[in-house]
Structure formats: C-alpha cells, structure tokens
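Reader: Hello! Please choose one spot in this model for a close look, and then lead me outward from there to whatever else deserves attention.

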Amino acid sequence: MLQLQKMSLLVNNVFVIVAAVLSGFSQIAKSFEMIMVSRFFTGVNAGVSMNIQPMYLAESAPKKLRGAVALTSASFTALGLVLGQVVGLRELLGGEESWPFLLASNAVPALIQLMALPWFPESPRYLLIDRGDRESCVSALQKLRGNSDLGAELEEMLAEQAAAKGQRAKKPWELFQNPAVRWQLVSIIVLSSAMQLCGNDSMYFYAAYVFQEAGIPQDKIPYVVIGTGSCELIASVTCNMIIDYAGRRPLLLGGYIFMAGWAVVFMVALSQQTRISWMPYLSMACIFAYILSFGIGPAGVTGVLPTELFDQKSRPAAYMICGSLLWFNLFLVGTAFPFIVKSLGHFCYVPFLVVCVCTALYIGLFLPETKGKSFLEISEEFRKRNFKAQSHAVLYKGPEEIKSTVL
C-alpha cells in the first residue's frame, strides 16, 4: 500500500470540486440525480481526508506536540460544521434560490488546499522509512522545524527504520491475522465504533424538538442550533490545547464517563418534559453538555490514536479500518435511530449509555497512555501485551528444562 499522503490529499480535492460543480448546476439542470452524485463524491472526499490528514499531521509533528498538531484536523472539522450551520441560514445561502451555492461552497477549502499544500513537505517518516531517502527526510525536517536541533528526532526515526527493515506495507486484512498488532487493532475497533455509536450525532436530531419545547420560537431555532456546533468547536479547541498536557486516556475516559452521566439525565428530563415546567431547559443543558463532553475527548483523540498505536508499515491499513468503521457506524446509527426512538421513546438513549459505559471500562482497563512516547516505545509496550501469554509460557518452561537436565 503506497503511502503518498500529500499527493493523496491533493488528488482527493478533485472529488469535492467535481461535487461542487454538480451541486452548483443541479438547479439549472433540474436534476436531483446530480445532487445525489455530488453528495457521493463529497462523501468520498470526506472519508479520504479524515483518514489521511491526521496521519500526515501526526507523522510530521514533533513528539511533544504530536497530539495537538494531529488534533487540528478535528478542530477544523468542527469549525466547518459551525460555518455550515451559519451559511445555511435563510438570510445567507439557505434560501430557495441560493441553496445550490451552499452545496457548492465546499469547493472553497479544496481550492485553498490545492494552492497551499504543494508548498508543504512530505511526511519525514514516509521519506526515510518507506522510501529510504535520508536526504529528503532531513530537508523536510528542516522546513518543518527551522533551526532546531534535529539530531535526537532523526536518531529516533532511524531506529524506527531499523525496526521496520525487511517489512512491507500491510494490507487491512493482514492486520487481523497478525498477533503482533492484536491489542492495537482491538483498541481502534472499539474506539472508532464507539465514536459513532455513543449518540452524539443523535443529539442534533433531538435539538430542534427540545428547543421548541423550551419555548424558543420556531423561526429562531436555527440560530440556537448554531450553539450546538459552537459547543463542539469550543470543546475541540480546548482539547487541542490540553491534549499534550492531560494525555489521551484522561480525555477519552472523562468524555465517555460524562456522556454516560448526561445520557441518564437527558432521558429523565425527556420523560418529565410535559409534567415539570423547567425540564425542557434541563434537556437543553443536556444537549450542550453531551456535545461538549464528546468534543473534549472522543471527537479529536480517536483520530490521533491509529497513528500512535501502529508502526509505519501498518498505519495506513489501520486508518482504512478505522475510517470504514466510522462511516459504517454513522450509517448504522442514522438508519436505526428513528426505530430506536419509536421503540424506546424517552429512553432511546439506553443503547448509547451502554456503549459509553463499556467504552469507558475498556479505556480504563486496557488502553495505555501514549503522551510523550516515541512510536517505538508505544510499539514495545503493546508487544509485551500482545505476547504476554507466550512470555509466561517461556518463563514456565525454564524450570522444566532445568529439572530434566538435573535428572
């Protein structure tokens, strides 16, 4: 699997530009099929970029700032959500005549990236470990670090290169057959699935209803809904600032624990909404608190972990698995949630509560901290865990061999 991150990001912009053209002319052509094809290409672009961007950023960042740099991808995703909510207002591009421009507006960041990205260096780790080009690696590091001393960082990369010597890039299905990445794979499967199955996106489904019940006029609700996206943006930026100080585990663990707590309060508030006058306001608070809890941990940290948990040869395949699970589970929740609401009513968040509790338990019991550690240190920690049973077997076998020698 060829890992050309910068080139992949550049080519990926073609999908969104084609999508923008189709959306922009769909009204003139009176073709809803153009909109469907446009949304398909937009989805392809989103799927590719959300996997490659955090990997490229994390591999290019210094160890002490790796979390913050990689997390900028999530922060700008949250910013895009807020901008979409703002320009989607009827006064701007949400009107009957201007909606094609709204759908085509995603070409703007694509064009910016097409102009700016060619000036950026390729990932130094890719240049050294995958291509074996030390000179280009040093040149890329000098562009990224300026006049900083590169000795320690280059030595770390050379150690990674030596550890990966003789290996080839892994395919996604090969990771499932490789016992050396067992716990890493389980971790990204659990966390990637939980990110969509935790119910955060379903909060947006409930937002308009809860705001209406709280007495907010119908024509003012779109303005209040902007607050939900703003909450996720604020939380994501906050997470970006503290991730390399607080660590990954506390942010993930705290996020899922708080989400579980707010899910309980939200269900109680929904069940009492027609009986107690102030319950709609508690429901509103739960929506904002739930989204804040999601943004402060799971929304950003989950995308950083595949880079840190896997080595250079397994990382692209890990991101393919992670991305596939994210989008599949998003589709699953979007399809199943209306039926969950119909079946469980006010207690529709029970499945999401179970997901949050189980994920918090997994993080607390099994996920190691990766803050401030080199990729080799993280790999070694997982190697001990993956081959723990074999290590015990070797330790047990020793006395038997000694005993037989004595006899």
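Author: Let us start at Ser283, which is in contact with Val210, Phe266, Ala269, Leu270 and Gln273, leaving aside its neighbours within four places in sequence; contact here means heavy atoms within 4.5 Å. The model is predicted, so local features need pLDDT of at least 70 and side-chain atom pairs count only at pLDDT 80 or more, while totals for chains, interfaces and linings use all residues. Residues are numbered from 1 along each chain as its sequence is written, and side-chain values use heavy atoms, with hydrogens and water left out.

Ser283 belongs to helix H14, residues 279–296; helices are DSSP runs of H or I with at least four residues, numbered from the N terminus. Ser283 counts as buried because its relative accessibility is 0%. On this scale, buried is under 20% relative accessible area, exposed is over 50%, and partly exposed is in between, with a 1.4 Å probe and protein chains only. Gln272 sits in the loop between helix H13 (248–271) and H14. With a relative accessible area of 23%, Gln272 is partly exposed. Eleven residues of sequence separate Gln272 from Ser283, and their C-alpha atoms are 9.9 Å apart.

Phe266, one of the contacts of Ser283, leads on to Tyr206, which touches it too. Tyr206 is in helix H11 (residues 200–213) and is buried, at 7% relative accessibility. Besides Phe266, and not counting residues up to four places away in sequence, Tyr206 touches Leu270, Ile287, Phe337, Val341, Gly345, Cys348 and Tyr349. Leu292 is 86 residues from Tyr206 along the chain, and 16 Å separates their C-alpha atoms.

Tyr349 takes us on to the core. Leaving aside neighbours within four places in sequence, Tyr349 has contacts with Gly199, Ser202, Met203, Tyr206, Ala263, Phe266, Met267, Tyr290 and Phe337. Together with Tyr256 and Phe266, Tyr349 touches the most other members of the largest nonpolar core, which has 65 residues. A core of this kind is a set of buried Ala, Val, Leu, Ile, Met, Phe, Trp, Tyr and Cys residues joined through side-chain atoms within 4.5 Å. There is also a second, separate core of nine residues, including Cys137, Leu141, Leu150 and Leu154.

Next comes helix H16. Arg315 has its place in H16, which spans residues 315–344, and its relative accessible area of 0% makes Arg315 buried. The Arg315 side chain makes a polar contact of 2.8 Å with the side chain of Gln312. Such a contact is a pair of N or O atoms within 3.5 Å; within protein, one must be able to donate a hydrogen and the other to accept it, and residues adjacent in sequence count only if both atoms are side-chain atoms. Not counting residues up to four places away in sequence, Arg315 also touches Met55, Glu59, Pro306, Thr307, Phe310 and Phe375.

Pro316 is found in H16 and is buried at 10% relative accessibility. Its C-alpha atom is 9.6 Å from that of Gln5, although the two residues are 311 apart along the chain. Ala317, also found in H16, is buried with a relative accessible area of 0%. From Ala317 to Glu174 there are 143 residues in sequence, with 8.7 Å between the C-alpha atoms.

Now for an opening. The second largest pocket holds about 430 Å³ of space. Of its 22 lining residues, those closest to its centre are Ala163, Gln167, Asp311, Leu376 and Ser379. Helix H8 (151–163) and helix H18 (375–386) are the elements that give two or more residues to this lining, and H18 gives the most, with six. A pocket is an open set of points on a 1 Å grid over the protein atoms alone, where a 1.4 Å probe fits, with protein on both sides within 12 Å along at least five of seven lines; lining residues have an atom within 4 Å of a point. The volume is the space filled by probe spheres set on the points, which are joined across faces, edges and corners.

One last stop is Lys30, in the loop between helix H1 (5–29) and helix H2 (32–60). Lys30 counts as exposed, at 77% relative accessibility. Its phi is near 50°, a positive value in a residue other than glycine. Most residues other than glycine have a negative phi.
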